[in-house]
Amino acid sequence: MVSDLLRVMLPISVLLGLILYGVALARNGDLAEVAISDREIVIRPRGVFKFLSFRWSVRIPAESVAGASVIDTGNVDPPGMRYAATLFPGLVAGTFTGQEGMSYWLSGRRGAALQVNVSDGPLTRVVVQVSDPDAIAQRIRNLARAG
């Protein structure tokens, strides 16, 4: 009887602990690394956010970038329904699908986040909180102008 209870409760406890740990880490707002090259933009979630967002990376070809900006995540909610995502108070991580298409979100605290609009590909928008979204958005806009 006790072993059956442990067998059921252990995975639930581990999953809840993982989510709560992710919420605690998300407070600093630096949830991903962004690498920009002439050919593509690669967004890699940090640590536990790989599991919580169900992605190891998001790759966007440079020619598919329609724009980059900084948004306030407190004023915008992920559109549509969860496709493969974790949605918990203080953490939005994963892929959402809506009328505008599929989007990838990785944000914790309310505040500034990088938004990349994509013209061609499975994703139409990527919203990620990073340490300096203004600087990264400017680098992406410069890449689009150079291309």
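Reader: How do the residues of the lining of the largest pocket divide into nonpolar, polar and charged?

Author: The model is a predicted one, and the pocket in question has a volume of about 270 Å³. Of the 18 residues that line this pocket, the closest to its centre are Asp77, Val92, Ser107, Gly108 and Arg110. Sorted by class, the residues of the lining come to nine nonpolar, six polar and three charged.

Reader: Which element gives the largest share of the lining of the largest pocket?

Author: The elements that give two or more residues to this lining are strand 5 (81–88), strand 6 (91–98) and strand 7 (101–107). Among these, the largest share amounts to three residues, and it comes from strand 6.

Reader: Which residues have the most contacts inside the largest nonpolar core, and which helix gives the most to this core?

Author: The largest nonpolar core has 31 residues, and those with the most contacts inside it are Ile43, Ile60 and Val126. Apart from this core lies another, of seven residues, among them Ala85, Val92, Trp105 and Val127. As for the helix that gives the most to the largest core, with four residues, the element is helix 3 (residues 133–146).

Reader: With which residues is Ile60 in contact, leaving aside its neighbours within four places in sequence?

Author: Ile60 is one of the residues with the most contacts inside the largest nonpolar core, where Ile43 and Val126 are named beside it. Once the neighbours within four places in sequence are left aside, the residues in contact with Ile60 are Arg39, Glu40, Ile41, Ile43, Val65, Val116, Val118 and Val126.

Reader: How many residues of strand 8 are buried, and over how many bridges does strand 8 pair with strand 4 and with strand 9?

Author: Strand 8, which spans residues 112–118, is mostly covered, with five of its seven residues buried. Its pairing with strand 4 (residues 65–72) is antiparallel, and one of the bridges there joins Asp72 to Ala112 of strand 8. Its pairing with strand 9 (residues 123–128) is also in the antiparallel sense, with Asn117 bridged to Arg125 of strand 9. The bridges therefore number seven with strand 4 and four with strand 9.

Reader: Which residue takes a positive phi in the hairpin of strand 8 and strand 9?

Author: The two strands of this hairpin pair over four bridges, and four residues lie between them. Within the hairpin, the residue whose phi is positive, near 145°, is Gly121.

Reader: What is the phi of Phe54, and is this residue buried or exposed?

Author: Most residues other than glycine have a negative phi. Phe54, placed in the loop between helix 2 (49–52) and strand 3 (58–61), has instead a positive phi, near 60°. Because the relative accessibility of Phe54 is 53% and the cut-off for this class is over 50%, Phe54 counts as exposed.

Reader: Which of the classes buried, partly exposed and exposed applies to Met9, and which to Leu6?

Author: Met9 is found in helix 1 (residues 2–26), and Leu6 is found in helix 1 as well. The relative accessible area of Met9 is 40%, which lies between the cut-offs of 20% and 50%, whereas that of Leu6 is 55%, which is over 50%. Met9 is therefore partly exposed, and Leu6 is exposed.

Reader: How far apart in space are Leu6 and Ala26, C-alpha to C-alpha?

Author: Leu6 belongs to helix 1, which runs over residues 2–26. In sequence, Leu6 and Ala26 are 20 residues apart, and in space their C-alpha atoms are separated by 29 Å.

Reader: How many bridges join strand 1 to strand 2, and how many join strand 2 to strand 3?

Author: Strand 1 (residues 32–36) and strand 2 (residues 40–45) run antiparallel and form a hairpin with three residues between them, in which Glu33 has Arg44 of strand 2 as its bridge partner. Strand 2 and strand 3 likewise run antiparallel, and there Val42 has Arg59 of strand 3 as its bridge partner. The bridges number five between strand 1 and strand 2, and between strand 2 and strand 3 they number four.

Reader: What percentage of the residues of the protein chain count as buried?

Author: The protein chain contains three helices and nine strands, and its C-alpha atoms fill a box of roughly 65 × 30 × 30 Å along the principal axes. Of its 147 residues, the share that count as buried is 39%.

Definitions and conventions
Residues are numbered from 1 along each chain as its sequence is written. This is a predicted model: local features need pLDDT of at least 70, side-chain atom pairs count only at pLDDT 80 or more; totals for chains, interfaces and linings use all residues. Side-chain values use heavy atoms; hydrogens and water are left out. On a 1 Å grid over the protein atoms alone, a cavity is a set of points where a 1.4 Å probe fits but cannot get out, and a pocket is an open set with protein on both sides within 12 Å along at least five of seven lines; lining residues have an atom within 4 Å of a point. Grid points are joined across faces, edges and corners, and a volume is the space filled by probe spheres set on the points. Ala, Val, Leu, Ile, Met, Phe, Trp, Tyr, Cys and Pro count as nonpolar, Asp, Glu, Lys and Arg as charged, and the others, Gly among them, as polar. A nonpolar core is a set of buried Ala, Val, Leu, Ile, Met, Phe, Trp, Tyr and Cys residues joined through side-chain atoms within 4.5 Å. Buried means under 20% relative accessible area, exposed over 50%, partly exposed in between (1.4 Å probe, protein chains only). Contact means heavy atoms within 4.5 Å. Two strands pair if DSSP finds at least two bridges between them.
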